[in-house]
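Work through the exercises below with the sequence and the 3D structure at hand. Try each task before reading its solution.

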Amino acid sequence: MKRIIAVLLLSISAVSFAQNNAFQAGEKLSFTASYNMSGLLTDLAEVRMETSEVKTSSATLLRLKCTATTYSKWDNFFKIRDIYESYVNPKTLTPYLYQRDIDEGGHYKFVKYTFNHKTNTVKSLRRQKSKNFESGFWDRNEVVKIKPGTKDLVTTIYHIRNLDIHKATVGASDSFKVLFDNEETKISFTLLGKETINTNIGKKECYKLAIRIDGSDVLKGNNANILWLTADENKIPVYAKFRVAVGSGELKIKSATGLKN
């Protein structure tokens, strides 16, 4: 299930990176996460993406927060209370701190990454507890070597929104290194074209991107994992669909406030 939640959050060249012009502090996006259960697509959870300004003694950072919460009627079946958050440079989206706090069906895990971009290393803390793990929590501290430009999952989601997709041609692709569970994973995106779709925030012309995790069988099918971003300066993720080994699902936007453009 933790892999499915990660896919939900993600589902959200020919292209090149620019400074952050797509979003600002105070943006709030909410989504309905649905999963195919016995052939019926069922709304299971709410996913929220929020940005806020955080002042420290030496800098002002942008907090990128993603949460996933099952609707109450499903809590007895499989309760999910997940938080993913990153603290980044508000202009370049360089990550400094990432935290992942998940509680899924009695399984608890906490991950904290502290990035050192001068040495290309990440100080990692992982804490885990299962309802079947009687001895309680275990902590594991490590220093992980990363490649230049490697980001955490949340920062990568927001980073994609700042790509110059309008300069790309259909079929163009790009890839990014993401640190997840202390392993660098290569995630690739391919531009399939533009498509206008109806959403809860209106009819939107969108960039249609196929997602692939290289060297992994987490995502199944050819062009079965798609992300739709609005084809404007905000590049809001408004719709996503995914297919994994245990089923398929969708992510649909419910509301969007505090937009930059």
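Two exercises follow, on salt bridges and on the nonpolar core.

This is a predicted model: local features need pLDDT of at least 70, side-chain atom pairs count only at pLDDT 80 or more, and totals for chains, interfaces and linings use all residues. Residues are numbered from 1 along each chain as its sequence is written, and side-chain values use heavy atoms, with hydrogens and water left out.

**Exercise 1.** Find the salt bridge partner of Asp181 and state whether each residue is buried or exposed.

Solution.
1. A salt bridge is a side-chain nitrogen of Lys or Arg within 4 Å of a carboxyl oxygen of Asp or Glu.
2. Asp181 pairs with Arg100, and their closest N and O atoms are 2.8 Å apart.
3. Asp181 sits in the loop between strand E9 (173-180) and strand E10 (183-199), and Arg100 in strand E5 (residues 95-104), so the bridge ties together parts 81 residues apart in sequence. Strands (E, at least two residues) are DSSP runs, numbered from the N terminus.
4. Buried means under 20% relative accessible area, exposed over 50%, and partly exposed in between (1.4 Å probe, protein chains only).
5. Asp181 is buried because its relative accessible area is 13%. Arg100, at 1%, is therefore buried.

**Exercise 2.** Describe the largest nonpolar core.

Solution.
1. A nonpolar core is a set of buried Ala, Val, Leu, Ile, Met, Phe, Trp, Tyr and Cys residues joined through side-chain atoms within 4.5 Å.
2. The largest one has 57 residues, and Tyr84, Phe189 and Val238 have the most contacts inside it.
3. Strand E11 (residues 202-213) gives the most to this core, with six residues.

Definitions and conventions: Helices (H or I, at least four residues) and strands (E, at least two) are DSSP runs, numbered from the N terminus.
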